[in-house]
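Student: I've got a model open and I'd like to learn how to read it, feature by feature. Could you walk me through it?

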There are 2 protein chains.
Amino acid sequence: MDNRLSFDYNYLMSDFVKDGITKEELAGYEKKVAQICDVLDAKRKDGINTLTAWMDLPYSQDAIVEDILSTADAIKAKFDNFVVLGIGGSALGPIAVQQALNHIYYNDLSKEARNGCPRLYVIDNVDPERMEALFDVIDIEKTMFNVITKSGSTSETMSQYLLARDLLKAKLGDKYIENIIVTTDEVKGNLAKICKDEPFKKFIVPDGVGGRFSELCPVGLLPAAVCGIDIKAMLQGAAIMDEICKEKNLYKNPAAMFAVQQIIAMGKGKNISVMLPYADSLKYIADWYAQLWAESLGKKYDNDGVIVNKGQTPVKSIGVTDQHSQVQLYTEGPSDKVITFIGVENYRASVEIPGGYDDIPSLSFLKGHTFNELILSEQYATEYAINAAQKWTRSITLSKVNANTLGQLLYFFEMETAFAGELMNINTYDQPGVEEGKNATYALMGRAGYEAKKAELDSKQPKKAEFVIG
Amino acid sequence: MDNRLSFDYNYLMSDFVKDGITKEELAGYEKKVAQICDVLDAKRKDGINTLTAWMDLPYSQDAIVEDILSTADAIKAKFDNFVVLGIGGSALGPIAVQQALNHIYYNDLSKEARNGCPRLYVIDNVDPERMEALFDVIDIEKTMFNVITKSGSTSETMSQYLLARDLLKAKLGDKYIENIIVTTDEVKGNLAKICKDEPFKKFIVPDGVGGRFSELCPVGLLPAAVCGIDIKAMLQGAAIMDEICKEKNLYKNPAAMFAVQQIIAMGKGKNISVMLPYADSLKYIADWYAQLWAESLGKKYDNDGVIVNKGQTPVKSIGVTDQHSQVQLYTEGPSDKVITFIGVENYRASVEIPGGYDDIPSLSFLKGHTFNELILSEQYATEYAINAAQKWTRSITLSKVNANTLGQLLYFFEMETAFAGELMNINTYDQPGVEEGKNATYALMGRAGYEAKKAELDSKQPKKAEFVIG
C-alpha cells in the first residue's frame with residue numbers, strides 16, 4: 001500500500017555501526033515480544049482497567065465522529081477563532097496535528113483561504129503575559145473555547161476556564177454558554193458537575209484513555225475537525241497501524257522492533273532519544289512524542305516495586321535546521337543517543353531553485369534543482385555522516401504527510417511506547433512523579449486540605465546565600 | 001542593581017542533594033578559573049584570530065547601531081513584512097529575542113498595535129512546503145528580505161535568496177534591489193561579491209564572530225531593531241554581564257561557576273542539560289542555547305588531538321507546560337541531568353483568576369489569586385519536588401524580562417560556554433563535525449569538485465532489506 005509507513009533500522013545494526021545491535025541480540029527478544037503481544041491483547045480486552053482503552057479508539061468512535069463533524073460545521077459557521085484551553089496531552093496532540101496537516105501559516109491566512117475554518121490557538125501555559133496577549137488578538141464574541149481536562153481539576157486549565165467564562169459572561173450575558181465546549185469525563189470531576197448547571201456542549205474523554213494517549217479521542221479530534229482535517233482518515237490510519245502492530249513476529253512488527261532496539265540501546269548507555277523529522281510539518285510530532293516517551297517510561301519503580309529510576313530522555317530536533325545546531329554534537333559527541341529520522345518522500349509542494357550567477361560555481365550548482373531535492377539530499381547526507389561517525393540512527397519514512405499517514409505515525413509511537421513499557425516491566429500509564437509538585441502548588445495556593453504540605457514546605461532547610469551569585 | 005540577574009545553585013550542592021557537588025570540589029577549580037580568566041583576556045585581545053571577537057560586541061558598535069536604527073526606521077516606513085533568510089545562528093537569536101521582547105502574538109497584531117513595525121518571519125529551513133507557504137501570506141512588494149550568511153555559501157540560505165530575488169525581480173524589475181538587505185562578510189564570500197554588481201544595503205558580520213555567537217552583531221540587531229526592540233539596552237545588558245564575568249574569583253563569577261558545575265556534572269555522568277524557562281517569552285532562549293552549547297562543546301578531539309567525544313546534550317523545556325510532559329521523567333528517571341530553571345520575578349502583565357463555584361473547593365481556592373501567583377507557585381513547587389527527588393537543579397532569575405536583562409542573559413550563556421570550552425580543553429569555536437554532511441550534500445546536488453565524494457557515497461555498502469519493515 002502506497003500510504004504505508006516504512007521503518008528502517010540498518011544503521012543501528014552491527015553490520016553498519018561498530019557497537020551496533022547484533023542479529024543475535026534481536027533474536028533474544030523474539031519470544032518475549034510474542035508474549036507481550038498476548039499481554040497487550042489481554043490488556044486491550046480490559047482497556048478501562050488497564051488504561052489501554054486508547055487501543056480501541058480507531059474502531060469505537062463512529063457516532064462520536066459524526067457528532068464532532070456536525071459540531072465542527074456549526075463552529076465554522078459562527079466563529080473566527082477556536083481556542084483550546086488544555087495542557088500536556090490536551091495540547092500537544094492538537095498542536096502537532098494542526099502543524100502536520102494544515103498550512104504552516106494557517107492563522108495568517110484569510111478565512112476564505114482557511115476554507116471558512118476558524119483560527120486555532122492552543123493555550124498550554126498559565127504565563128500571565130500570554131493570557132493577556134491572547135485576548136489582544138481575538139474577539140471573544142467570535143471565539144469558541146474548548147476546555148479540555150479529564151478530571152476537571154487541572155489547575156492550569158481550570159484557571160483559564162474561569163477567566164474565559166468571566167470575560168464571556170461580561171460580554172455576552174447568558175449566551176456565554178454557546179462559546180464554550182468542554183471535553184471531560186462522562187460523569188466524574190468538576191467539569192462534568194458544572195455541566196449539570198451550565199449546559200455546555202460536551203465531549204467525553206473515555207475511561208482508560210490517559211492524557212498522553214488521547215489524541216485520537218475527542219481531545220484531539222474536535223480541534224482537528226474544526227480546522228478542516230479529515231479525522232476519519234486519521235482513525236483509518238491508526239487502524240492500519242494497529243493491525244500491523246499486533247504481529248507477533250518481531251521482524252514484522254515495527255513497534256515491537258523499535259521498542260526492543262531502544263531497550264537494547266538503553267542497556268548500552270544510550271539514555272537519549274532524538275526525534276529528527278525532516279519536515280516543518282512534523283516538527284511538533286517531536287514535542288508530542290516527548291511527552292509520550294518521557295512520561296510513560298520515566299519511572300522510579302518497576303512493576304515488582306524495585307527502585308529502577310529508568311527512562312530515556314526525548315530530544316526534539318528538526319532537519320535541516322538542526323544540522324546548523326545539533327548535528328555537530330550528534331556526530332562528534334558521546335555515543336549516548338538513538339537518533340530517529342522521520343522522512344517524507346513526497347512533499348506537498350515543489351519549489352524550484354532559480355538560477356543566476358553562472359560565474360559563481362558555488363552558487364550556480366543549485367540551478368535546476370528544487371528545494372525538494374535539497375532537503376532530501378541533506379537528509380540523506382546527514383544520515384550518511386552520522387553513520388560514518390558510527391552513531392546510532394534509524395528512520396521512519398512517510399510516502400507523504402496526510403491524515404492517514406499521520407494517524408499511522410501517532411498510533412505507531414503509542415504502540416512503540418506500550419511495547420517499551422512492557423519490556424521495561426514498568427507501569428506505562430501512570431505519572432506518580434508529578435504528584436509532589438502538584439501538591440506543593442496546592443499548598444502554596446492555599447487550597448484547603450494541603451495545610452500539612454504547606455507546613456512541610458515552610459520547614460524546608462532554607463537556601464544558603466553563599467550559593468547565590470548576584 | 002534591580003536589573004541584575006541572580007544565579008542560584010543551592011540545589012546542586014551536597015548540602016541539598018545526596019550526590020551533589022561539595023565545596024571542596026568547587027575549591028579545586030579556583031586556580032583554574034583564575035587562569036582561564038587570563039586566557040580569555042588574552043584571546044579577547046586577539047579576537048579575530050581566536051574567534052572571540054564576540055566579546056567586543058557590547059562596546060564596538062556605536063556607529064553600526066546608528067546605521068541599524070536609521071535603516072530600521074526606513075524599513076518600518078515602507079514595508080509590512082521583514083523576512084529573515086538564515087539558518088542556525090542567523091535564525092535562532094532573532095527568533096529568541098523577538099519572542100522575549102515583543103508581543104507573543106506579534107504577527108497577529110494590527111500594524112498600529114505593532115507600533116508601525118513590520119511582521120517578522122524567520123525562515124530557517126528549506127522545506128518546500130514552508131517556502132511555498134511563506135509566499136501565500138506575504139505581499140513580496142511590501143516585504144524586506146534580510147539574507148544572513150557570513151560565508152555567502154550556505155546552501156540553504158542562498159537557495160532562499162535565489163528564490164526571493166527571482167520573485168522580486170519578476171514583480172519589481174530593477175527596483176528589487178530595495179527589497180533585499182544582506183548581512184555578510186565585509187569582503188569575502190559570494191554575497192560580498194554579489195554586492196559589487198547589485199547594490200544591496202549591506203551589514204557586516206565581523207571577523208572573529210562565529211554564527212552561534214553572532215546575536216549581538218547586526219545578525220541579530222537588525223531584525224530586533226526593525227521590530228522595535230531597544231538594541232542599545234540589549235548591548236548595555238551584555239556589557240554589564242561582561243564585567244561580571246571577568247571576575248577571577250570563582251564565587252563571584254556566575255559564568256565560571258555555572259561552567260565548573262557542568263564540568264563536574266558531566267564527570268558524574270550527567271550528559272544532559274535541560275533549559276527550563278518559566279515564561280513563554282523565554283521559550284526560544286532554550287533553542288538558541290541548544291545550538292550554543294551543543295555545537296561549541298560537542299567535540300571529538302581535545303586541543304591536544306586526543307579523541308574525547310565530549311559534549312552534553314541540551315534539552316529545550318518550558319514551564320509550567322512541561323510539568324505535564326517532562327517532569328515525571330525529571331523526578332523519577334535517571335540522575336543524568338542538570339536542570340536550569342530560568343525564572344522571572346515580575347511578569348509584564350498581571351491577570352486575576354476570577355472566582356466562581358464556591359461549592360467546589362477544588363476550584364474555588366483559585367479565587368483571589370493571579371496567574372502570576374499560579375505560575376510562580378508552580379515553579380517553586382516543581383523546583384521543590386525535583387530537589388525532593390534528589391535530582392540536580394539550579395536557577396537563573398530575571399527581575400523582569402526586558403532588553404537589558406535579555407542582553408545579560410544571552411551574554412551570560414556565551415561566557416558560560418566559553419569557560420566550559422576552556423575547562424574541557426576543546427576548541428569552542430569550530431564545528432568540524434558538520435563538514436562531512438555538507439560535502440555529501442554538495443556531492444548529491446552535483447556541485448563541481450565533489451565528484452570523489454559522490455563516488456564514495458555511491459560505493460557505500462547498501463542498506464539491507466531485512467532491516468526494513470513495511
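**Reading the model together**

Tutor: Sure, and keep in mind that this is a predicted model. Begin with how the chains are related: chain B superposes on chain A after a rotation of 180 degrees with 0.0 Å of shift along the axis, at an RMSD of 0.0 Å. That is the relation of a two-fold axis. To find the axis in chain B, go to Val315(B), whose C-alpha is the nearest to it, 3.0 Å away.

Student: How many residues of chain B are in contact with chain A?

Tutor: In general, the size of an interface is often given as the accessible area lost when the parts come together. Here we can count residues instead: 123 residues of chain B are in contact with 123 residues of chain A. Helix 15 of chain B (residues 371-388) gives the most to that side, with 13 residues. By class, the side of chain B that touches chain A has 55 nonpolar, 39 polar and 29 charged residues.

Student: Through which surface do the copies meet?

Tutor: Through the same one, because 100% of the interface residues of chain B are also interface residues in chain A.

Student: Let's do sheets. Which strands make up the sheet that starts with strand 13 of chain A, and in what order?

Tutor: A general point to begin with: in a regular strand the side chains alternate between the two faces of the sheet. In this case six strands form an open sheet in the order 13(A)-1(B)-10(B)-9(B)-7(B)-8(B), with mixed pairing. Strand 13 of chain A and strand 8 of chain B (313-316) stand at the edges with a single partner strand each, so one side of each has no neighbour in the sheet.

Student: Where do the chains join in that sheet?

Tutor: Look at strand 13 of chain A (residues 468-469) and strand 1 of chain B (residues 6-8), which run antiparallel and are joined by two bridges. Ile469(A) has Phe7(B) as its bridge partner there. Strand 1 of chain B also pairs with strand 10 of chain B (residues 392-398), in the antiparallel sense over three bridges. In that pairing, the bridge partner of Phe7(B) is Ile396(B).

Student: What is the strand order in the sheet that begins with strand 10 of chain A?

Tutor: The order is 10(A)-7(A)-11(A)-12(A)-1(A)-11(B), again an open sheet of six strands with mixed pairing. At its edges are strand 10 of chain A (313-316) and strand 11 of chain B (468-469); each has a single partner strand, so one side of each is left without a neighbour in the sheet. Strand 10 of chain A pairs with strand 7 of chain A (residues 272-277) in the parallel sense over four bridges, and Met275(A) stands opposite Lys316(A).

Student: And a hairpin to practise on?

Tutor: Try strands 8 (residues 299-301) and 9 (residues 307-310) of chain A, an antiparallel pair joined by two bridges. Tyr301(A) stands opposite Ile307(A). Five residues lie between the strands, and Gly305(A) takes a positive phi near 80 degrees.

Student: Now helices. At what angle do helix 4 and helix 9 of chain B cross?

Tutor: Roughly 40 degrees, with the axes of helix 4 (residues 62-78) and helix 9 (residues 218-226) of chain B coming within 8 Å. The two are therefore oblique to each other. Helix 4 of chain B passes helix 9 of chain B in a right-handed crossing. Residues that meet there include Ile68(B) and Ala72(B) from helix 4 and Leu221(B) and Leu222(B) from helix 9 of chain B. That contact has 11 nonpolar, one polar and one charged residues.

Student: How does helix 5 of chain A cross helix 9 of chain A?

Tutor: Those axes come within 9 Å and cross at roughly 40 degrees, in a right-handed crossing. Among the contact residues are Gly93(A) and Val97(A) of helix 5 and Gly220(A) and Pro223(A) of helix 9 of chain A. By class there are five nonpolar, four polar and no charged residues.

Student: Any backbone oddities to check?

Tutor: The general idea is that most residues other than glycine have a negative phi, and most peptide bonds are trans. Here, the bond from Gly319(A) to Val320(A) is cis, with omega near -5 degrees. Val320(A) sits in the loop between strand 10 and helix 13 (327-332) of chain A. In chain B, the peptide bond from Gly319(B) to Val320(B) is cis too, with omega near -5 degrees. For phi, see Tyr357(B): not a glycine, yet its phi is positive, about 60 degrees. Tyr357(B) lies in the loop between strand 9 (337-344) and helix 14 (361-364) of chain B.

Conventions. Residues are numbered from 1 along each chain as its sequence is written. Chains are lettered from A and ligands numbered from 1 in the order in which they are written. This is a predicted model: local features need pLDDT of at least 70, side-chain atom pairs count only at pLDDT 80 or more; totals for chains, interfaces and linings use all residues. Copies are superposed by least squares on the C-alpha atoms of residues with pLDDT of at least 70 in both. Two residues are in contact if their C-beta atoms, placed from the backbone, lie within 7 Å. Axes are lines fitted to C-alpha atoms, for helices over the stretch in contact, and angles run from 0 to 180 degrees between N-to-C directions. Angles under 35 degrees count as roughly parallel, over 145 as roughly antiparallel, 65 to 115 as roughly perpendicular and the rest as oblique. A crossing is left-handed if the near helix is turned anticlockwise from the far one by less than a right angle, and right-handed if clockwise. Ala, Val, Leu, Ile, Met, Phe, Trp, Tyr, Cys and Pro count as nonpolar, Asp, Glu, Lys and Arg as charged, and the others, Gly among them, as polar. Two strands pair if DSSP finds at least two bridges between them.
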